[in-house]
Amino acid sequence: MIKFCSLFSGSSGNCLFVGTDRTKILIDAGVSGKRIIEALCSIGENPSDISAVLISHEHSDHIRSAGIISRKLDVPIYANFNTWGSMERSIGPVKVENKRFFNTGEELVIGDICVNTFSIPHDASDPVGFNFVVNNRKITTATDIGHINKKLLEHFDSSDLILLESNHDVEMLKVGPYPWSLKKRILGDNGHLSNEMAGKVIAYMAKKGTKKFLLGHLSRENNFPELAYQTVYNVLYENQICPGEDVELSVALRDRVGKVIEL
């Protein structure tokens, strides 16, 4: 069995949990160490059992307490070479033995969890998404995505659960308070995925057999959970897919722990 829980997911901070009885992994650590530890306890996990922290990319909402967690729990941080180069000064000292490097595209084995890394289009040094595989069960996490391409869809294939970015509503973003340069960045090919595009991807993956979907990394300023859910719901409905019957669809919230999903 493999367990998954979104502890925090949003533009203000991200941390996800995936684990088995033997192996417990955090994906990113973009909120305070105190909040992460409290979140782990709230889902019945002992923070001292954490096996590793995986880093998707070096932006602050993904690494804010990575160094703190590593030092407090004495656990390794896994990131690719370019991400390490970009984040090392920001996270503080980490024991040499707790600095773990990988090449994007490489398969990692952490305890009894097989982790596949894949490149994602975002304006960071070398950002990645992750597949987690245990006993033929597959969980995919992919946020901070500027656009979808064929290669990404191949990495999503055969997933039992996908946490996918649903960052913004395009019209909210266009009329919102951000300066045009930031709006252009978010809407660009290396920015963030909109609700509408998330819906199209989920419809495509649902037709290929994935049954569970979580919408993640929602913007605080340019989105809200009900809008993200309804937009994706509408796209699914247009594709003759009924959430609640054909697929499970939910939203990973920015500031609170989600439910534990077991596969």
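1. How far is the sulfur of Cys41 from the closest cysteine sulfur, and in which residue does that closest sulfur lie? In this model, which is a predicted one, the closest cysteine sulfur to that of Cys41 belongs to Cys15 and lies 13 Å away, which is too far for a bond. A disulfide would require the two sulfur atoms to be within 2.5 Å, and by this rule the count of disulfides comes to zero. As for the surroundings of the cysteines, Cys41 is partly exposed, at 46% relative accessibility, whereas Cys114 is buried, with a relative accessible area of 19%; the value for Cys114 should be read with the limit in mind, since buried means under 20% relative accessible area.

2. Two backbone positions deserve a look when the torsion angles are reviewed. Most residues other than glycine have a negative phi. Asn136, although it is not a glycine, has a positive phi of about 65°. This residue, Asn136, is found in the loop that runs between strand 9 (128–134) and strand 10 (137–142), and Asn136 counts as exposed, with 75% relative accessibility.

3. The second such position is Gln240, again not a glycine, for which phi is positive at about 60°. Gln240 belongs to the loop between helix 9 (225–238) and strand 13 (248–251), and with a relative accessible area of 66% Gln240 is exposed.

4. Turning to the aromatic side chains, a search of the whole structure finds six aromatic pairs. One of them joins Tyr229 and Tyr233, whose ring centres are 6.1 Å apart and whose planes meet at 35°, so this pair is tilted. Both residues belong to helix 9, where Tyr229 and Tyr233 are four residues apart and therefore separated by about one helical turn. Tyr229 is partly exposed, at a relative accessible area of 27%, and Tyr233 is likewise partly exposed, at 24%.

5. Tyr233 also forms an aromatic pair with Tyr237, and this pair is stacked, with 6.5 Å from centre to centre and 10° between the planes. The spacing along the chain is again four residues, about one turn, with Tyr233 and Tyr237 both lying in helix 9. Tyr237, at 58% relative accessibility, counts as exposed. Tyr233 thus takes part in a tilted pair with Tyr229 and in a stacked pair with Tyr237.

6. Elsewhere among the aromatic residues, Phe81, Trp84 and Phe101 come together as one aromatic cluster.

7. The last point concerns empty space in the model. Rolling a probe the size of a water molecule over the atoms shows where such space is left. The largest pocket has a volume of about 200 Å³. It is lined by 16 residues, of which Ser11, Arg185, Ile186, His192 and His217 are the closest to the centre of the pocket. Which element supplies the largest share of the lining of this pocket? That share, three residues, comes from helix 7 (residues 180–187). By residue class, the lining of the largest pocket divides into nine polar residues, four charged residues and three nonpolar residues.

Terms used:
Residues are numbered from 1 along each chain as its sequence is written. This is a predicted model: local features need pLDDT of at least 70, side-chain atom pairs count only at pLDDT 80 or more; totals for chains, interfaces and linings use all residues. Side-chain values use heavy atoms; hydrogens and water are left out. Buried means under 20% relative accessible area, exposed over 50%, partly exposed in between (1.4 Å probe, protein chains only). Helices (H or I, at least four residues) and strands (E, at least two) are DSSP runs, numbered from the N terminus. Rings of Phe, Tyr and Trp (its six-membered ring) pair if their centres lie within 6.5 Å; planes under 30 degrees apart count as stacked, over 60 as edge-to-face and the rest as tilted. On a 1 Å grid over the protein atoms alone, a cavity is a set of points where a 1.4 Å probe fits but cannot get out, and a pocket is an open set with protein on both sides within 12 Å along at least five of seven lines; lining residues have an atom within 4 Å of a point. Grid points are joined across faces, edges and corners, and a volume is the space filled by probe spheres set on the points. Ala, Val, Leu, Ile, Met, Phe, Trp, Tyr, Cys and Pro count as nonpolar, Asp, Glu, Lys and Arg as charged, and the others, Gly among them, as polar.
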